[in-house]
Amino acid sequence: MSSLSVKHLLGIADLTQEDIRLIFSTALNFKEVINRPIKKVPSLRDITIANLFFENSTRTKLSFELAEKRLSADVVNFSSGSSSVSKGETLIDTVNNILSMKVDLVVMRHPNPGAAAFLSRNVDTTIVNAGDGTHEHPTQALLDVFSLQQKLGDVAGKKVVIVGDIKHSRVALSNIYCLQKMGAEVMVCGPTTLIPKHIEKLNVKVEHNLQKALEWCDVANMLRIQLERQGGEHDVKFFPSLREYTLQYGLTLPMLEQLNKEIVIMHPGPINRGVEITSEVADSSHSIILEQVENGVAIRMAVLYLLASAIERN
Amino acid sequence: MKPVTLIDKNQLELIINRLAYQLIENHDEFADAVLLGLQPRGVVLAERIKYRLKQIMPEAEIHLGSLDITFFRDDFRRRDEPLKANSTEIDFIIEDKKVILIDDVLYTGRTIRAGLDAMLSYGRPSGVELLVLVDRRFSRELPIEPTYIGKSVDSIDSQRVKVDFAKNTSNDRVLLFNTELADE
């Protein structure tokens, strides 16, 4: 099989294991491409892609843009701060206006869960979800699991713990789906206030003690504490103070040295050094944080290449 | 209809032998020439040629790479399914080298066009030559001609030429099919 079963990439939930394998094998080819002296291939030269970022992002946006440019696509960028959205235009209107300028594919980040799925039902174009609120962030999960597979050979049967703010994290949900589809066991770990209710329905283990979680796992994915989502509009505090969070859930080198095994440390970035993870751990040989970033471009190239191949020529 | 055998195992051995000597005639000991096979079957052919070259000149150091052209093709989105890519492995510098591109069958010339583009991502060679096992004459869509030819054949569009490289070389052959044969 050499094409995806889906027309859009809205979430990992819609993908089959074959889809994920196809994306990985294609990403492997693109990883070789981006290590060439000339890192550009002409595949998408007749495709125009709009990057619509209704929420701030540095690395995802950069990574998508690089992936698009290395495939020779034409790229237009849009950030909500400087746009008509602040004048009250609806999402469908904004996107349709952009599409009238003959755009073939839309990469969108949006603060509302389901925004990408909503758009895919109402607008006639191919959509790639680059994060929709607290719902999914599929390309991040794909690059995480791809990086793991590169490091460990195979993820099937491996035990992965996701630590931190599970409640607000789209990375966590996408990772859970993706890891499970590839046959890994998943545990989430964090303070009770940051673990969503009923999460065990997804077949994940729940643990509130970081040391115990580390003893169980082969891989620890340390999520960023989303400071901008703490407190917030309703002024709800999810933990008493950052210092207390760090004491309970911050990963330090002595904790890793206590274990009688090597575990892999991941982080989707951006890192709050000294909060969820210390600098020593982030820069240690356990960590594959920079590999994740490199693989991000290859994974996004693979996703765009595979989706673009299904777009009809007119 | 039964396929016609264009080249059998013995003929193939002779052809590879001749191509190897032709290459030596032009490039001596391959001091500044490298072989680059196009994935997938051009690579197998290139390996066979390199093996023969090493038999003739055991001392020579011959570089052989494989090049995948999938992302450089001009028929992206013109096919029903995207093509699966193969790996590219070039662990030497092609800058200022004479590159000998190697493929099994030359037909429309589009694969070679894509191959030239793909190769240029790795640097600027001082010259490029093309070696093919089978040249399907009079069917070119681009102005591309081979430097070394295993065998020239006249064929029509509905025919397919298929190169079968067997694992142990005993069943190597090149076939001409008259019916439509699905592209692999």
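A residue is called exposed here if 12 or fewer other C-beta atoms lie within 10 Å of its own, and buried if 20 or more do. The structure is a predicted model, and by that cut-off D96(B), with 11 C-beta neighbours inside 10 Å, counts as exposed.

## Unusual backbone geometry

D96(B) has a further feature, since its phi is positive, at about 65 degrees, although the residue is not a glycine. The residue sits in the loop of chain B that runs between β3 (63-67) and β4 (98-106). D28(B), likewise not a glycine, has a positive phi near 45 degrees, and this residue is placed in the loop between α1 (9-27) and β2 of chain B. D28(B) is exposed because 12 other C-beta atoms lie within 10 Å. As background, most residues other than glycine have a negative phi, and most peptide bonds are trans.

Cis peptide bonds are listed in the table below, with the place of the proline in each case.

| Cis peptide bond | Omega | Place of the proline |
|---|---|---|
| G269(A) to P270(A) | near -10 degrees | loop between β9 (264-266) and α10 (279-282) of chain A |
| Q39(B) to P40(B) | about -5 degrees | loop between β2 (33-38) and α2 of chain B |

## Domains of chain A

Chain A is divided into domain 1, which covers 12-137 + 294-308, and domain 2, which covers 138-290. The centres of these two domains, taken over C-alpha atoms, are separated by 25 Å, and the contact takes 24 residues from domain 1 of chain A and 21 residues from domain 2 of chain A. On the side of domain 1 that touches domain 2, the elements of chain A that give two or more residues are α1, β4 (126-132) and α11, and the largest share of that side, 6 residues, comes from α11(A).

## The nonpolar core

Which residues have the most contacts inside the largest nonpolar core? They are I23(A), V163(A), A302(A) and I102(B), within a core of 135 residues. Helix α11 of chain A, residues 289-308, gives the most to this core, with 12 residues, and the core also draws at least three residues from each of domain 1 and domain 2 of chain A. Leaving out residues up to four places away in sequence, A302(A) touches I23(A), T26(A), A27(A) and F30(A).

## A pair of helices

Helix α1 (residues 17-33) and helix α5 (residues 138-152), both of chain A, pack at an angle of about 70 degrees, with their axes 11 Å apart. Because of that angle, α1(A) is roughly perpendicular to α5(A), and the crossing of the two helices is right-handed. Where they meet, I20(A), I23(A), F24(A) and A27(A) come from α1(A), while L142(A), F146(A) and Q149(A) come from α5(A).

## Two arginines

R121(A) lies in helix α4 (residues 115-122) of chain A and is exposed, because 8 other C-beta atoms lie within 10 Å. Its C-alpha atom is separated by 40 Å from that of I277(A), a residue 156 places away along the chain.

In chain B, R41(B) lies in helix α2 (residues 41-56). Is R41(B) exposed or partly exposed? It is partly exposed, because 19 other C-beta atoms lie within 10 Å. Apart from its neighbours within four places in sequence, R41(B) is in contact with D104(B), V163(B) and F165(B). R41(B) and G109(B), which are 68 residues apart in sequence, are 16 Å apart in space from C-alpha to C-alpha.

Methods. Residues numbered from 1 in each chain as written. Chains lettered and ligands numbered in written order. Predicted model: local features only at pLDDT ≥ 70, side-chain atom pairs only at ≥ 80, totals over all residues. Core = buried A, V, L, I, M, F, W, Y, C linked by C-beta atoms within 7 Å. Helix = DSSP H or I, 4+ residues; strand = E, 2+ residues; numbered from the N terminus. Domains from an automatic or database assignment. Contact = placed C-beta atoms within 7 Å. Axes fitted to C-alpha atoms, helices over the stretch in contact; angles between N-to-C directions. Parallel < 35°, antiparallel > 145°, perpendicular 65-115°, else oblique. Left-handed = near helix turned anticlockwise from the far one by under 90°.
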